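Please look over the sequence and the structure shown here before reading the points below. The briefing is meant to be read with both of them in view.

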Amino acid sequence: MSLTTLDRDDPITTLPPPDMVKAAKAGESTYGQILKSSALVGGSSILNIAIGILRTKVMAILLGPAGFGLLSIYGSIVILTQTLAGMGINSSGVRQIAEATGSDERTHIALTTIVLRRTSMVSGLLGALLLILFSRQVSLVTFGNLQHATAISVLSVAVCFGLISAGQGALIQGMRRIADLAKMSVFGAFLGTLSSIPLVYFFRDRGIVPSLIAAAVMTSLVSWWYSSRIRIQVPSITNGMMMLEAGALLKLGFAFMSSGLMTMGVAYAIRITVLRKVGLEATGLYQSAWTLGGLYVGFILQAMGADFYPRLTAHAKDNVTCNRLVNEQAHVGLLLAGPGVIATLTFAPLVIALFYSVKFQVAVGVLRWICLGTIIQVVTWPMGFIIIAKARQILFFACELAWTVVSLALAWVCASRFGLNGVGMAFFGSYVFHGFLIYAVVHRVSGFRWSVDNRRNGFIFLFAITLTFCGFYVLPFFAAELLGCLAIVGISIFSARTMINLVTLDQIPFRLRRLLARCGMVPTESAL
């Protein structure tokens, strides 16, 4: 099933590949599609990870734990403001465009595209204005003083460009131009890093705000370049049609905004909790663990959002197909994420030293707890997309609200009792709650059940991850490391063999097929 971008001169014919649609309707496996999209988006994410390693390492060395903590708090303020001002239009735009594209409604695609672009501009300006107006209040709530009010108001520039960039990315994602989305991600990260590091190098803490602005501007320019290649054949559109489409985007967007606001609000509140209860340096340590914990898993979740969400939306009314697609996505996600999570658990001290410096070694414990939470994220996220694809806004909002309350309560209690490690425990506990909640909800909405393969693999990975994690608390360090290494090798072989059996050999890229042949996992003749 092809992932190649269709003719760029025909911007409105970016339809799902016919063989993918037929396969979904006929009940055939879409594992090949999932693996190809994961490889494409994951490949770009690997480059992003390499860029992120460089950026994070340099920032950590130049700023130290306290400065890195300040960077994370400023970043949270920007993201929280973008979530509030964006009103969820970018996420709802992805769904609307994907739904219209799946039914070949050209006028609807054009209309949604125009509205999405205009509202992104308006929301960007609105977000910048909001942050300027309330900069003193934000500084007081966050730091307990007004010393950061000026810096926070200047961050309004990053908010504006970030929202404009998000709107352009939503258009590309909704049309399933996965190759463009991957390139946009890599070039945006590269240019953002290239522009932000010198500012911190020369100005240290005073360069934090300019570096965030520079990264946002570069990302916006790259996204503008790729979105401008989508030429829209503008039909005759009345003001009434524009208002109707904007209303549809806002109605669905409110649920996305509420969810995003709660998610970002939790992240912001947790950082404030750590800042107030443990200190600014601990905030930097938590941010370092948070970044590393989601680094490997991030490309899997990004692949879900980039390709899986639009694909699922096209079949949202068919519960049988919808449930099968979710099971298949979760199956592949677990196989891809498992080895990386176990490796992070095992080599956490080395990973911390590699990405940051020896000053950040205290973050090893919280990193391991965060890893436990991220593996649960991988298997619960596909289930959550069922609610989104079916546009059940109220139900979606209720689930996110429940998770927010539990997450904040756990963070407050665990941070008070266990310090920095307690924040990681709270993250893990919140996603255990989220997993049970989402499963119960989607079972009621679409009759979803885990497949036999997912239940079996889930038990295997649960056993391996639990054994590795507990080993560092009950065994000598070197014995625990040895146990972790054995678990990495065993789970990696199991995952590779399972994924090979999910697809035909011709669906595996030639270079990867040749590597697998050398390892004895596929017949040698398949690599010729």
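What follows is a briefing on this structure, arranged by topic.

The model is a predicted one, and the protein chain has 528 residues, of which 57% count as buried. The chain holds 20 helices and zero strands, and the points below take up several of these helices in turn.

**The chain as a whole**

- The accessible surface of the protein chain comes to about 22,400 Å², and carbon and sulfur atoms account for 69% of that area.
- Among contacts in the protein chain with a separation of 6 or more, 82% are between residues that lie 24 or more positions apart in the sequence.

**Helix α19**

- Helix α19 runs over residues 477-502 and has 26 residues, so at 1.5 Å a residue it should span 38 Å, and the distance of 37 Å between its end C-alpha atoms agrees with that expectation.
- Several residues of α19 are buried, including A480, E481, G484, A487 and I488 in the earlier part of the list, and also I491, S495, A496, T498, M499, I500 and L502.

**Salt bridges**

- Side chains of opposite charge can pair when their charged atoms come close.
- The structure holds two salt bridges, and each of them can be described by its helix, its distance and the accessibility of its two residues.
- One salt bridge joins R324 and E328, whose closest N and O atoms are 3.2 Å apart, and both residues lie in helix α13 (residues 319-346), where a separation of four residues is about one turn of the helix.
- R324 is counted as buried because its relative accessible area is 18%, under the cut-off of 20%, and E328 is likewise buried because its relative accessibility is 6%.
- The other salt bridge joins D453 and R456, with 3.1 Å between the closest N and O atoms, and these two residues lie three residues apart in helix α18 (residues 452-474), which is again about one turn of the helix.
- D453 has a relative accessible area of 31% and is therefore partly exposed, while R456, at 40% relative accessibility, also counts as partly exposed.

**Cysteines**

- A disulfide is a covalent bond between the sulfur atoms of two cysteines.
- A search of the whole structure finds zero disulfides.
- Two cysteines can still be described by their accessibility: C414 counts as buried because its relative accessibility is 13%, whereas C470 has a relative accessible area of 35% and is therefore partly exposed.

**The surroundings of Q168**

- Q168 has its place in helix α7, which covers residues 156-174, and this residue is buried because its relative accessible area is 11%.
- When residues up to four places away in sequence are not counted, Q168 touches S220, S223, W224 and S227.
- Q168 and T113 are 55 residues apart along the chain, and their C-alpha atoms are separated by 9.3 Å.

**A nonpolar patch on the surface**

- L129, L133 and F134 form a nonpolar patch on the surface, and together these residues have about 300 Å² of accessible area.
- L133, one of the residues in this patch, is found in helix α4, which covers residues 106-133.
- L133 counts as exposed because its relative accessibility is 54%, which is over the cut-off of 50%.

Technical notes. Residues numbered from 1 in each chain as written. Predicted model: local features only at pLDDT ≥ 70, side-chain atom pairs only at ≥ 80, totals over all residues. Heavy atoms only, no water. Patch = residues over 30% accessible without salt bridge, like charges linked within 9 Å, V, L, I, M, F, W, Y side chains within 5 Å. Areas by Shrake-Rupley, 256 points an atom, 1.4 Å probe, with all protein chains shown as cover. Salt bridge = Lys/Arg side-chain N within 4 Å of Asp/Glu carboxyl O. Buried < 20%, exposed > 50% of the residue type's maximum accessible area, 1.4 Å probe, protein only. Disulfide = S-S within 2.5 Å. Contact = heavy atoms within 4.5 Å. Expected span 1.5 Å × (residues − 1).
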